[in-house]
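Here are a few exercises to work through with the structure open beside you. Try each task before you read its solution.

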Amino acid sequence: MTETGIATPAGVLTGWSASRRRAKAARDEEFTAFVESAGTRLRRTAYLMCRDWHLAQDLTQHTFAKMYAVWGRIRTGTNLEAYSRRVLMNAVFDQNRRRSGSEIVLGELPDRPDGTPPATPELRVDLAEALARLTVEDRAVLVLRHAEDHSVESAAAILGLSTSAVKMRNARALSRLRALLGDDFTGP
Amino acid sequence: MERNLREHFEQAVSDDPGFALGDLAQAAMVEGGQIRRNRRTRLAVPAVAAGVVAVIGAVAGLNLLPEPAEPQATIAAAMMPVSAPSCQEKPVETGATDAAVFLGHGTTDRQRTRLLATLEDDPRIAAVAFESREEAYQKFRIRWAKDPDFLAAVDVGSFPESIRLRLKTPEQYTAFRSEYVTADGVNSIVGRRCSADAPVGGTL
């Protein structure tokens, strides 16, 4: 065997590659336009889930990559925004599972299972930190419902939960958030 | 409360450092292309059935080995992929149902990608699977696990990458072969005649 037997492609092959190249260029252009319109919001959603802009960037890229891999199938007839949230949340959950052995330790605020607000202002946390103290599933519900304004039904579809599970998680997470944010979190 | 919470969320992302979305799209397309290729790799290629005895003679003389290795003839033969049990023992020149397209050792990523894409779109082809050097090497290790001399004589770099495929009808094999055997990155094409339950490509 030698490498010298490699010649130019036969005519048919050249034809195939040329038409494929054109189709790929059109597909890539469409995909790029989608990333440009949806990228910033998706990255911010990822940030709310992980509180790290670099990781958010990676998760966003990975989400778009998975969508690109099946772009031909999803580009029409699919709610791309909901689809991207679902892929992103699954990536976040995966990430969370992988790290569950070394769960993130956050600050000195003690857990308050009874939900009482922190006693002193110094212990107050901002929203991103408060979110990080919730379970990843509760965090996902809050982010989808309140940062992204998805309906209960839409959030349920994205997360693969029942609507009642979304409502229950939402109520529970909100009360916990209220406790963590203390006076900053006004409202009923 | 909802409104207040919304403000909190907006504030939480207010330190967004920003990122060039065009670059993000580019990176996603590169990674996404890789995901597609990996998916193809997983398509088929079942594990070597336990207890199947390698039929070395069946493929001896095909001369597919990389130039610099120059292993002894017996080792060269041992490195050849083995016909699946539901295929005829010897490769065929015409009327093949399955084929293995062996890539040259100098084949570039671009050539490999283009070849895979072209084969996937070829209407004569029913199924495509990619076999990496590592997979070929692992199969060799399994097949010759009891023969440390063979195992010591080769390393993973000695094995060629290959694309395994099944044709829709065996009558198209001759035309298919003559078209692809000269394509960029292709080293050789070996056809086999198999029944439908054989692994894609007709080799173990």
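**Exercise 1.** Find out how many residues the largest nonpolar core has, and which have the most contacts inside it.

*Solution.* Keep in mind that you're looking at a predicted model. Start with the count: the largest nonpolar core has 62 residues. Those with the most contacts inside it are A:F64, A:L131, A:L177 and B:F9. Next, look for the main contributor: helix α1 of chain A (residues 11–50) gives the most, with ten residues. Finally, place the core: domain 1 (12–79) and domain 2 (105–188) of chain A both give residues to this core, so it lies between them.

**Exercise 2.** List what B:F9 is in contact with, leaving aside its neighbours within four places in sequence.

*Solution.* Go along chain A. You should pick up A:L48, then A:L127 and A:L131, then A:L142 and A:V143, and lastly A:H146 and A:A147. Now step away from the largest core: apart from it lies another one, of 20 residues, including B:I125, B:V128, B:L165 and B:L167.

**Exercise 3.** Work out where A:D149 is placed, and whether A:D149 is buried or exposed.

*Solution.* First, the place: A:D149 is in the loop between α6 (136–147) and α7 (152–159) of chain A. Then the surface: its relative accessible area is 51% and the cut-off for exposed is over 50%, so A:D149 is exposed. Last, the backbone: phi of A:D149 is near 60°, a positive value in a residue other than glycine. Most residues other than glycine have a negative phi.

**Exercise 4.** Do likewise for A:R51: which loop is it in?

*Solution.* A:R51 is found in the loop between α1 and α2 (53–69) of chain A. At 31% relative accessibility, A:R51 counts as partly exposed. Its phi, near 55°, is positive too.

How values were computed:
Residues are numbered from 1 along each chain as its sequence is written. Chains are lettered from A and ligands numbered from 1 in the order in which they are written. This is a predicted model: local features need pLDDT of at least 70, side-chain atom pairs count only at pLDDT 80 or more; totals for chains, interfaces and linings use all residues. Side-chain values use heavy atoms; hydrogens and water are left out. A nonpolar core is a set of buried Ala, Val, Leu, Ile, Met, Phe, Trp, Tyr and Cys residues joined through side-chain atoms within 4.5 Å. Buried means under 20% relative accessible area, exposed over 50%, partly exposed in between (1.4 Å probe, protein chains only). Helices (H or I, at least four residues) and strands (E, at least two) are DSSP runs, numbered from the N terminus. Domain bounds come from an automatic or database domain assignment. Contact means heavy atoms within 4.5 Å.
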